[in-house]
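The following paragraphs lead the reader through one structure, from individual side chains to sheets and back to the surface. Please keep the sequence and the coordinates at hand while reading.

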Amino acid sequence: MISLVLPDGSVVEARSGITVDELAEKILPRQKKKIIGALVDDEIKDLRDILTAGGSLSFLMTGDQTSLDILRHSTSHLMAEAVLQVFPDAVLGIGPSIADGFYYDFKLPRPLEPEDVTRIEKIMEKLASKNVTFERSEMPIDEAIKYFDSKGEVFKVELIRDLAEKGERVISIYRSGGFEDLCRGPHLRHTGQIKVFKLLSTAAAYWRGDEKNPVLQRLYGTAFWSTEELQAYLDNLEKIKERDHRRLAKELDLYSIHEDVGAGLIFWHPRLAMVRHLVEEFWRSEHLKRGYGFVYTPHIAQEVIYQKSGHLENYAENMYSPLLIDEKPYYLKPMNCPGHIKIFQTRRRSYRDLPIRYCELGTVYRYERSGTLHGMLRVRGFTQDDAHVFCTPDQIADEVYGIIDLVDTLMTAFGYSYTIFLATRPEKSLGSDEEWEVATGALRQALERWGKPYELDEGGGVFYAPKIDIKLQDALGREWQGPTIQVDLNLPKRFDVTYIGPDNTEHEVIMIHRAVLGSMERFIGGLVEHVGGAFPMWLAPTQTMILPITDGQNEYARELSNRLVAEGFRVEVDARNEKIGYKIREAQEMKIPYMIILGAREQESGMIAVRHRKQGDLGAMRLDDFMERCKDEVIRKVLN
RNA sequence: GCUGGCGUAGCUCAGCUGGUAGAGCAAGUGAUUUGUAAUCACUAGGUCGGGGGUUCGAAUCCCUUCGCCAGCUCCA
């Protein structure tokens, strides 16, 4: 007998060897139809699984968020069955559930076209309505290889062979209607439980993600328990599309890319350049407060530098081919580190000088494969907010703490929440155990002192450094790779970067490498999406648009504008010969925070009529009060 | 880089199986002087991404090249 503890604390005894389905019948007979699996000691179990050990037990029901994976996985099987009806020769790849849905890869005689997708979707609907039960069977590995081989399922055979190598003896097969697949499960009770699904897109993908392998056709889809959830998901996709920085760039005149100049090279238009300027201004002032020195370093450097740094050895495929200057090869810089080291090394440094903190908004150029370029988020030339702290080993923790504090200040101002990860030594790495221990220990110490929760990313460090990675969450709940702090165990050695210690001998310096915003291009591209193009007051390129109702107020509008500009506000006047509704509409579409509407009434009374882009008409107020309000929003960096 | 799709006026897009381009918005001009998300009329604007080919004839078919999009891959 085994004993199972239910969520309410009660204990149920059952015979060893009972299936989850039988258990459902025994415990919750009335809800049996809704039960599609179970969690036993937090492990997902299929209905058909046999239990031989007890533990905590809770059932997975249709409608649960936790059981969406099962639904989606089963839906991918249903899709594969439909695809086989359309393409009887299709060879199956894999069909897992993923974060927001599922996919299935197939080798097909021709690529999928949009019509195929609708056709497949229709067939799926028909198949689902047949309420076909998912059945599981098992097969010894040898037999399975022969079986799938006879069906021409070469990829499945490969998978089974790998399973055999891992020591598996038996594999499981799920069958639903005319379809069967090598599969670990779990699956739904029957296909009738698949009601709400949608095929989303097609793409090509390599078998096992390796470009040496054959290309398969991938079909993406998603499934939910209710149409409301599906609709909410689709609405969110639409919202993300509307906020796409490439789309907003056109609507708001933010940046451009020019084919005849080059892919992945960004032209910042005045409005976005203003945002960048304001971000940089903030960035600089926060660095000054924290004792950083600003530096500038050249954009090209001779070969020897990158030989010494190891970039030509390890990073060459991301570097552009050299320019010849006086017959000597010069490279465009892919990173700023060597430059900062050169400055550090211009004199002997005493331990009394440390820490030394250099920061630079340094523009670097890196080769990115053409297929990876993506608006401002993935480019070939970008400006990093790069900094290097040179310090002694016992200063690491303090310095890292200071950097985390800087990160928190900046990210909070932009309205990002974040998660901190500590990434430790990977398998392939440089340096001694002791060095890694000191560096990682200091990072951990800083995090402990910071006091907020962090996660451990075991082995997730880079080969030359343990690091703290910070993942940002934006307004749409999406994750972005954010700030990174690395204790570099490589470059100080390569460049022989030292300081004189209290013992009057040379010591290798500790070099902390960090970026907070990452690259200006990516950060601001992401920011555009985060705020949906509606920059908060402190960042808005135009903060206030003055809208005269007739050209009788144009002169007055300019006067007011001058007064506001004199107070440091960014103001424009829309003096075009248009109706007020039209001007408001355009200012609204440009997502300008405030509009001042000026008609004869205002001119007489000396008041202004203020409209906010979100709150609408705010009524009449005094210009001074309006300026107070705006100043307050700017100083407090109010997010809206 | 790979696979697939796409590339027509500044923008969004139409243009059936080849017969040499069209709308809305934007722009310019004029009228209108307007009160909280689109006033009206007229005008101008394109070697249909570039190059090559097939054809009497190509935006439409083929090849090639560049770029964009979705994935894959990569991400020191």
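Arg622 has a relative accessibility of 44% and therefore counts as partly exposed. In this predicted model, the side chain of Arg622 forms a salt bridge with that of Asp624, at 3.7 Å from N to O. Asp624 is likewise partly exposed, because its relative accessibility is 37%. Elsewhere, Arg276, Glu280, Arg284 and Glu521 are joined into one network by salt bridges that share partners.

Asp624 falls within helix α19, which spans residues 623–635. To place this helix, one may turn to the sheet on which it packs. That sheet is open and consists of 5 strands in the order β32-β31-β33-β34-β35, with mixed pairing. Its edges are β32 (571–573) and β35 (616–621), each of which pairs on one side only. From one strand to the next, the twist averages 25°. Helix α19 touches β31 (544–548), β33, β34 and β35, and its direction makes about 170° with that of β33. Within the sheet, β33 (residues 594–598) and β34 (residues 608–612) are paired in the antiparallel sense over 4 bridges. One point of reference in this pairing is Met595, whose bridge partner in β34 is Arg611. In general, strands of a sheet pair through backbone hydrogen bonds, in either a parallel or an antiparallel arrangement.

A second open sheet contains 8 strands, ordered β18-β22-β23-β30-β27-β26-β24-β25, and its pairing is also mixed. Here the edge strands are β18 (293–294) and β25 (454–457), each pairing on one side only. Helix α13 (residues 433–450) packs on this sheet, where it touches β24 (417–423), β25, β26 (467–473) and β27 (479–488). The direction of α13 makes about 150° with that of β24.

Which strands of this sheet pair in the antiparallel sense over 7 bridges? They are β23 (residues 381–391) and β30 (residues 510–519). Across this pairing, Ala387 has Arg514 as its bridge partner in β30. The side chain of Arg514 also meets that of Asp385 in a salt bridge, with 3.7 Å from N to O. Because Asp385 lies in β23 and Arg514 in β30, the pair ties together parts that are 129 residues apart in sequence. Both Asp385 and Arg514 are buried.

The whole structure holds 42 salt bridges. Another of them connects the side chains of Glu399 and Arg357, at 2.7 Å from N to O. This pair links distant parts of the chain, with Glu399 in helix α12 (residues 396–414) and Arg357 in strand β22 (residues 356–365), 42 residues apart. Glu399 has a relative accessibility of 8% and so counts as buried.

Burial can also be followed along a strand. In β15 (residues 215–224), 8 of the 10 residues are buried, so that the strand is mostly covered. Strand β15 runs antiparallel to β14 (residues 196–206), to which it is joined by 10 bridges. In that pairing, Ala205 is matched with Leu216 of β15. Strand β10 (residues 101–107) is joined to β15 by 5 bridges, again antiparallel, and the bridge partner of Phe106 in β15 is Gln217.

The surface provides the final stop. Ile300, Leu323 and Ile325 form a nonpolar patch there, with about 200 Å² of accessible area together. Leu323 belongs to strand β20 (residues 323–325). With a relative accessible area of 40%, Leu323 is partly exposed.

Conventions. Residues numbered from 1 in each chain as written. Chains lettered and ligands numbered in written order. Predicted model: local features only at pLDDT ≥ 70, side-chain atom pairs only at ≥ 80, totals over all residues. Heavy atoms only, no water. Patch = residues over 30% accessible without salt bridge, like charges linked within 9 Å, V, L, I, M, F, W, Y side chains within 5 Å. Areas by Shrake-Rupley, 256 points an atom, 1.4 Å probe, with all protein chains shown as cover. Salt bridge = Lys/Arg side-chain N within 4 Å of Asp/Glu carboxyl O. Helix = DSSP H or I, 4+ residues; strand = E, 2+ residues; numbered from the N terminus. Buried < 20%, exposed > 50% of the residue type's maximum accessible area, 1.4 Å probe, protein only. Pairing = 2+ DSSP bridges. Axes fitted to C-alpha atoms, helices over the stretch in contact; angles between N-to-C directions. Contact = heavy atoms within 4.5 Å.
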